[in-house]
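This report covers two chains, their packing and the contact between them. Please look over the sequence and the model before reading on.

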Amino acid sequence: MFDRLFEKDVAITGVGQSEVGRPSLKSAMRLTLDASLEAIADAGLRREDIDGVACWPGDNNNGNSFSPVGPNALLSALGLKVNWYGGGYEGPGPLAGVINGAMAIAAGLCRHVLVFRTITESSARARDKGVSALTAKTVGRDSSYFWQWYTPYNVISAVSFMAMYAQRHFHDYGTRPEQLAQIALTCRRNAALNPKAIFRSPMTLEDYFASKMISTPLRMFDCDVHCDASTAIVLSRRDAAHACRQAPIRIEAIGAALHQPWSWDQISLTENAAFDVGRMMWSRTDLKPKDVSSAQLYDGFSILTMIWLEGLGLCPRGESGRFVEGGIRIARDGSLPLNTNGGQLSGGRTHGLGYVHEACLQLWGRAGERQIAPHKIAVAAAGGGPLGGSLLLARD
Amino acid sequence: MYNFIFSGSESGRRWYPWPMTRKLPALTADTAPFWQGGSRGVLQIHYCAGCRCFFHPPNPICPSCNSFDVAPRAVSGRGRVVTFTINRQAWTPELVEPYVVAIIELAEQANLRLLSNIVGCDPNEVAIGMPVSVTFAQLEDVWIPLFERAGDV
């Protein structure tokens, strides 16, 4: 009955991003408006054209400014008249807003959906250093579905899981710390060319090894850097996208699968959701991993980038350490340029949508000093543990 | 039960017992057997009579066969470290580092895992594959299952 995969009917027509501050003096709403209005204008659209709004993880403030602006607040502030809007944490990771928005368009609910992600963890930390702690997220006894199994053990940060994934990856595949370091070093080199990036000064392997051990084997430079920022994209029905200002970027395929429990300790420790996501994405396209010319892969923690490289088939399982060794292949002039804006490790923890923003800028040839060679196919993926989603993007 | 914290120089290393502050879980009909089994000295894990397998975390239904014929069952409390990390960051003012967070595979069944802390030994001695056995830390009405290094199983 359906002869077409829904994402084929959807394109990205505009992108926008606020300043990336540490912290920003602007309010979370102002950052969101800056990003959203830039994205709408970038698409060549007017406010009146936007008839849908999507966001992951929705209004999810948790006292730490993880997501201080949800769709309800934004559509009210902007005075939008929408046919559909949605947010919420339950979804295939930080790209869930894009996937949900695309579904709303394919379902015939909307023509142009504004997708955004606002995060103000820097200003929250400036107010109170302890706000990031998971313990602040629940008052009294922990009854959250999965965290109740972790917080009694003082698993206060996601880094505990990421470190355990890395430890197992090192054990199973012989991955070495100096290989893992290449993710951070590559991001830092790229961030030097991104005026918005938080950390732009050069970093050496020695600097990496001198950084504080947070949770073995992960060091401070394996963990992303908090910021205040908002990122937005406009999704358009492809038959409405041609009226837009620039060549639409097609969503060639999405990955959103999770064939494991939604859990941080019960899932495959070296696959996470990434392999389920990758298998799904490649099942929805005739393209192959070798067709991908640039990769924007989640680096909330460096080990996750390694897992995404393997899960999306960009290198063989267990081989990510050797693949990134020396940083040659993943450099801007390498065979698979990676996190070309500095990622979250050095660019700032824009948390998910930043990867899509950068992938589009690169495909459009608008990435300024950090622009890589002209190309047509890019992949963006975000998430870790049970969270995971991916987008294969194509410019015709 | 105490975590052991390192104090002093590398040459004169000494480990002091140090009580850890812990956030306590809410207890429900499904989760109380896990958190309170320690009152009788046993680790209780949900078992499905339908497909004869353990599963964790506990729920009213078996995730493998969807049978409701599930109930907590005492296990040996022995297992091995699947993976671990030595946490070196004091996330809150009350926390004292280092402490070891680990995922344990219980002896009863392949892939029957739970998350816990390894206590009572030098964190640097913890390794993947290390045999461990359960011990409990009572805080109010909760007996938190923790794991100590064990002799080879």
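The buried residues of H1(A) pack against E1, helix H2 (71-78), E4 and E7 of chain A. Contact here means that the C-beta atoms of two residues, placed from the backbone, lie within 7 Å. A residue is buried if 20 or more other C-beta atoms lie within 10 Å of its own, exposed if 12 or fewer, and partly exposed in between. Helices (H or I, at least four residues) and strands (E, at least two) are DSSP runs, numbered from the N terminus.

This is a predicted model: local features need pLDDT of at least 70, side-chain atom pairs count only at pLDDT 80 or more, and totals for chains, interfaces and linings use all residues. Residues are numbered from 1 along each chain as its sequence is written, while chains are lettered from A and ligands numbered from 1 in the order in which they are written.

**Helix H1 and strand E7 of chain A**

Helix H1 covers residues 28-42 of chain A. Its 15 residues should span 21 Å at 1.5 Å a residue, and the end C-alpha atoms are 21 Å apart, which agrees. The expected span is 1.5 Å times one less than the number of residues. Among the buried residues of H1(A) are Leu31(A), Leu33(A), Ile40(A) and Asp42(A). Gly44(A) follows H1(A) with a positive phi, near 75°.

Ten of the ten residues of E7(A) are buried, so the strand is largely enclosed by the rest of the structure. Both of its faces are covered. One side includes Asp228(A) and Val234(A), the other Ile233(A) and Arg237(A).

E7(A) pairs with E1(A) and with E4(A); strands pair if DSSP finds at least two bridges between them. The table adds a pair from chain B.

| Strand pair | Sense | Bridges | Opposite residues |
|---|---|---|---|
| E1(A) and E7(A) | antiparallel | seven bridges | Gly14(A) and Val234(A) |
| E4(A) and E7(A) | antiparallel | nine bridges | Phe116(A) and Ala232(A) |
| E3(B) and E4(B) | antiparallel | three bridges | His46(B) and Phe55(B) |

**Domains of chain A**

Chain A is divided into domain 1 (6-123 + 228-241) and domain 2 (157-226 + 249-395). The bounds come from an automatic or database domain assignment. The C-alpha centres of the two domains of chain A lie 22 Å apart. Their contact takes 25 residues from domain 1 and 29 residues from domain 2 of chain A. On the domain 1 side, E1(A) gives the most, with five residues. By class, that side has 17 nonpolar, four polar and four charged residues. Ala, Val, Leu, Ile, Met, Phe, Trp, Tyr, Cys and Pro count as nonpolar, Asp, Glu, Lys and Arg as charged, and the others, Gly among them, as polar.

**Chain B**

Chain B has one helix and ten strands. Of its 153 residues, 38% count as buried. Three strands form an open antiparallel sheet in the order E4-E3-E5 (chain B). Strand E4 (53-55) and strand E5 (70-75) of chain B stand at the edges with a single partner strand each, so one side of each is left without a neighbour in the sheet.

**Contact between the chains**

How many residues does the contact take from chain B and from chain A? Chain B gives 27 residues and chain A gives 30 residues. On the chain B side, strand E6 (78-87), strand E7 (99-106) and strand E8 (113-118) give two or more residues. E6(B) supplies the largest share, five residues. By class, the chain B side has 16 nonpolar, seven polar and four charged residues.
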